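Colleague: Please take a close look at the contacts between side chains, starting with the charged ones and then turning to the aromatic rings. I am in my first year, so please go through the reasoning step by step.

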Amino acid sequence: MSATTGHISQYQKYNQRVSQNRATSEAAWVRYALIAVTLLFLSLFLFVPLVAVFAEAFSKGADTYFAALKEPDALSAIKLTMIAAGIAVPLNLIFGVAAAWAIAKFEFKGKSLLITLIDLPFAVSPVIAGLIYVLMFGLQGWFGEWLSDHDFKIIFAIPGIVLATIFVTFPFVARELIPLMQAQGKEEEEAALVLGASGWQMFWRVTLPNIKWGLLYGVILCNARAMGEFGAVSVVSGHIRGLTNTMPLHVEILYNEYNYAAAFAVASLLALLALLTLALKTYVEWQSAKDAIEIEQE
């Protein structure tokens, strides 16, 4: 009886595998066609433009390339980009962890509204975000007169650039952590509290190790967007050369002046940052998948 049952069980498993293969497999020509379309799309809209940027950047030689990057205005743009990202990313990191913790671990009125507000920068044009800050802090804005009386500038100055950068990037960390923390539940945190752990001990020893790869993934995406933001920063910066131009704005100015070699030289730095972001993103995904497999094996 047991032999017959085992035989039937093996037969059922075989039928299940066959049905799954039939449901998921496609003809060879379909697979190759989809792969070809994907590669063609990537070539036209990613690989070819990327190669063109570097080719144009070095079209007049390495000396011209490095001279464009050493120009005072270019160095100022690079510095300002780093400052804006260096302030925006840590603040968004704190906000993202706090918002994800509140949404995933607690029930409260207005929770759906909070999630909607977090997604707002994805729906609002960056240009509109910049105009909002002009309306609030510009010379004719709500607080413009008070700011002018106290000799404090936000619009057409570094604070406005930082504010605009924070606005367009604050969803990235939170949006990576919210579904991750919701999927993990709160049983481990509750167990830690029962065992006598404090709030900080629970966070550092239980919550943070569980979300570390998702957190790093969100920070990488947030940093990439912060360094590459154009629309919102363009509105609040004033395009003051050497003072309020970030790297994307500096590229635009050089291109409009027909200084193509210098424009593409600075653009190549942004492209390198994008490639570095892609490499870090791939590494984080690989580590996250590796940890998931190790947990399943345990």
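Modeller: A salt bridge is counted here when a side-chain nitrogen of Lys or Arg lies within 4 Å of a carboxyl oxygen of Asp or Glu. Please keep in mind throughout that this is a predicted model. The general idea behind the rule is that side chains of opposite charge can pair when their charged atoms come close.

Arg175 and Asp119 make a clear first case, for their closest N and O atoms are 2.8 Å apart, and they form a salt bridge. Arg175 belongs to helix H10 (residues 171-184), whereas Asp119 sits in the loop between helix H5 (111-118) and helix H6 (120-123), so this salt bridge ties together parts that are 56 residues apart in sequence. To describe their surroundings we need the relative accessible area, where a value under 20% means buried, over 50% means exposed, and anything in between means partly exposed. Arg175, with 29%, is partly exposed, and Asp119, with 25%, is also partly exposed.

By the rule given above, the count comes to five salt bridges. Another of them joins Arg241 to Glu257, with the closest N and O atoms 2.4 Å apart. Here Arg241 is found in the loop between helix H13 (231-237) and helix H14 (247-256), while Glu257 is found in the loop between H14 and H15, so the pair ties together parts 16 residues apart in sequence. Arg241 has a relative accessible area of 32% and is partly exposed, and Glu257, at 42%, is partly exposed as well. This pair does not stand alone, since salt bridges that share partners join Asp73, Arg241 and Glu257 into one network.

The salt bridge between the side chains of Glu107 and Lys111, with 3.2 Å from N to O, shows a contrast in accessibility. Glu107 counts as exposed at 70%, whereas Lys111 counts as buried at 15%.

Turning to the rings, a search of the whole structure finds 17 aromatic pairs. In one of these, the ring centres of Trp200 and Trp204 are 6.4 Å apart and the planes meet at 20°, so the pair is stacked; the cut-off behind that word is an angle under 30 degrees. Trp200 and Trp204 are four residues apart in helix H12 (residues 199-228), which means that about one helical turn separates them. This fits a general point: an α-helix has 3.6 residues a turn, so residues three or four places apart point the same way. As for its surroundings, Trp200 is exposed, with a relative accessibility of 61%.

The pair of Trp213 and Tyr283 is edge-to-face, with 6.3 Å from centre to centre and 80° between the planes. This pair links distant parts of the chain, as Trp213 is in helix H12 and Tyr283 is in helix H15 (residues 260-297), 70 residues apart. Trp213 is buried, at 19%, while Tyr283 is partly exposed, at 42%.

Finally, ring contacts can be followed through several residues in turn, for ring pairs link Phe95, Tyr133, Phe137, Phe143, Phe167 and Phe170 into a cluster.

Definitions and conventions:
Residues numbered from 1 in each chain as written. Heavy atoms only, no water. Phe/Tyr/Trp six-rings, centres within 6.5 Å; stacked < 30°, edge-to-face > 60°. Helix = DSSP H or I, 4+ residues; strand = E, 2+ residues; numbered from the N terminus. Buried < 20%, exposed > 50% of the residue type's maximum accessible area, 1.4 Å probe, protein only.
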